[in-house]
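Trainee: I am new to this structure. Could you show me how to read its strands, its buried parts and its empty space?

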Amino acid sequence: MKNRIALLLITIILLNGVSVYSQNETSNNAMVTEALVFEEVGGIVAVEAEYFFKQERTDIRKWYRTSKNEQPEVGRDEDSTHIDGASNNAYLEILPDTRVTHSDKLVPGENFSNEPGTIGILSYNVKINTPGRYYVWVRAFSSGGEDNGLHVGMDGEWPEHGQRMQWCTGKHRWTWGSRQRTQEVHCGVPNEIYLDIEAAGTHVIQFSMREDGFEFDKFILTNDRDYVPKEEGPSATMKLPEQSYFQTLARSHAENKVLAIDDFQIEGTGFYKDNGGKWFAINPNQHKEAQTTAVFNFENARYDVVFVGVGENDGQSKFTILINKKVIGFYAPPLTQKTFEEGKDFNAVWENIKLKKGDEITVISEIGSADGKEWARGRWAGIIFAPVGKGKEVIKK
């Protein structure tokens, strides 16, 4: 299982640009970006706790990763590390741990939070193929009675049946749990920790602190009410992010240089990100034109400059491409029968353009309308700098 997870992560990194921080980064940083998605298959999905893509509400407490190469020392934390037996040889702990025993002062909003979503929120992208009720299991290591509580939620919501996960048995070892603490049953009622997921698709599964010092190894979502995980549980199932059309073009030649939209300024430009962040676009209710600039940081040479646009059915938007404020060309993608469409018909190329490192590349987009009522949004994906003579090959992909 461990080798499979490592191989999958390496594949994602190489093929899809998921960035992983080096071991020199602090152990509270996310190891992966939100491009990493775990996928439910056959009614079950397992996720390693350390593969969160974001943590929030960290002013008071933070989750820290413990592994063979990372053993954080953050304030009070009296127990030893528990790497042995941890799935994937790593786990998270929320620190500092100031309430170790019942005699330590309980400080609501600091070392304890009965309100979910207020301290130490972890986020994971999970693709659900089969909507329904999913029971949540968490693998935890509890040394006492004050480090055994957690909350779970989804998409920024913290439903009642995701609150107050509780562990009483299985002390001093990694233990699966799925019980909800109630006023009547302090050690928790089984089968009462669940998320009702009504729509298929990718959802953000979230966990937040209930008690500091909580050690978190792995979680499982299952639609089988009677399921009970054993040992380290099932292997994580990851969904590789789909390669975008722009990425396909960018990788069509080994010597291509690329300025994707993420390399361009967005704040104050009039653009917003559309289609899951794949394109820049203009909201016609706010702007009729937008302009953005990026710096060309590649070697001095001549290139075929390939503009990757998007065809739209509401009108022909007009694009102006400039280098150091000098126009190199104009382009208006043809109308399409679909609301929007990518492909060879919506790309443009300017051949044998001299560029040097530090040049400013500017794109000006003006929205168009076919009937004066509905407006195209001036969508585009980025610019590729191909070797001279290769630009026409790139745009035909």
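Mentor: Start with a pair of strands. Strand S17 (residues 257–260) pairs with S28 in the antiparallel sense, over four bridges. Within that pairing, Leu259 stands opposite Ile383 in S28. Strands here are DSSP runs (E, at least two residues), numbered from the N terminus. Two of them pair if DSSP finds at least two bridges between them.

Trainee: What kind of model is this?

Mentor: It is a predicted model: local features need pLDDT of at least 70, side-chain atom pairs count only at pLDDT 80 or more, and totals for chains, interfaces and linings use all residues. Residues are numbered from 1 along each chain as its sequence is written, and side-chain values use heavy atoms, with hydrogens and water left out.

Trainee: What holds paired strands together?

Mentor: Strands of a sheet pair through backbone hydrogen bonds, either parallel or antiparallel. Look at S28 again. Strand S21 (residues 301–309) runs antiparallel to S28, and seven bridges join them. There Asp304 stands opposite Ala386 in S28.

Trainee: Is strand S28 largely enclosed or open?

Mentor: Buried means under 20% relative accessible area; exposed means over 50%, and partly exposed lies in between (1.4 Å probe, protein chains only). Eight of the eight residues of S28 (residues 380–387) are buried, so this strand is largely enclosed by the rest of the structure.

Trainee: Which strands form an open sheet?

Mentor: Four strands do, in the order S20-S27-S23-S24, with antiparallel pairing. Its edge strands are S20 (289–295) and S24 (326–331), each pairing on one side only. S20 and S27 (residues 360–366) share seven bridges. Ala294 stands opposite Ile361 in S27.

Trainee: How do I read a single residue, such as Ile205?

Mentor: Find its element, then its accessibility, then its contacts. Ile205 is in strand S14 (residues 201–209). Ile205 counts as buried because its relative accessibility is 0%. Contact means heavy atoms within 4.5 Å. Leaving aside neighbours within four places in sequence, Ile205 is in contact with residues including Leu122, Val152, Met154 and Phe219.

Trainee: And the empty space?

Mentor: Rolling a probe the size of a water molecule over the atoms shows where empty space is left. A cavity is a set of points, on a 1 Å grid over the protein atoms alone, where a 1.4 Å probe fits but cannot get out; lining residues have an atom within 4 Å of a point. The count comes to one cavity of 30 Å³ or more. Residues lining the largest cavity include Val310, Glu312, Phe319 and Arg379.

Methods
1 Å grid on protein atoms, 1.4 Å probe; cavity = no way out; pocket = protein on both sides within 12 Å on 5 of 7 lines; lining within 4 Å. Points joined across faces, edges and corners; volume = space filled by probe spheres on them.
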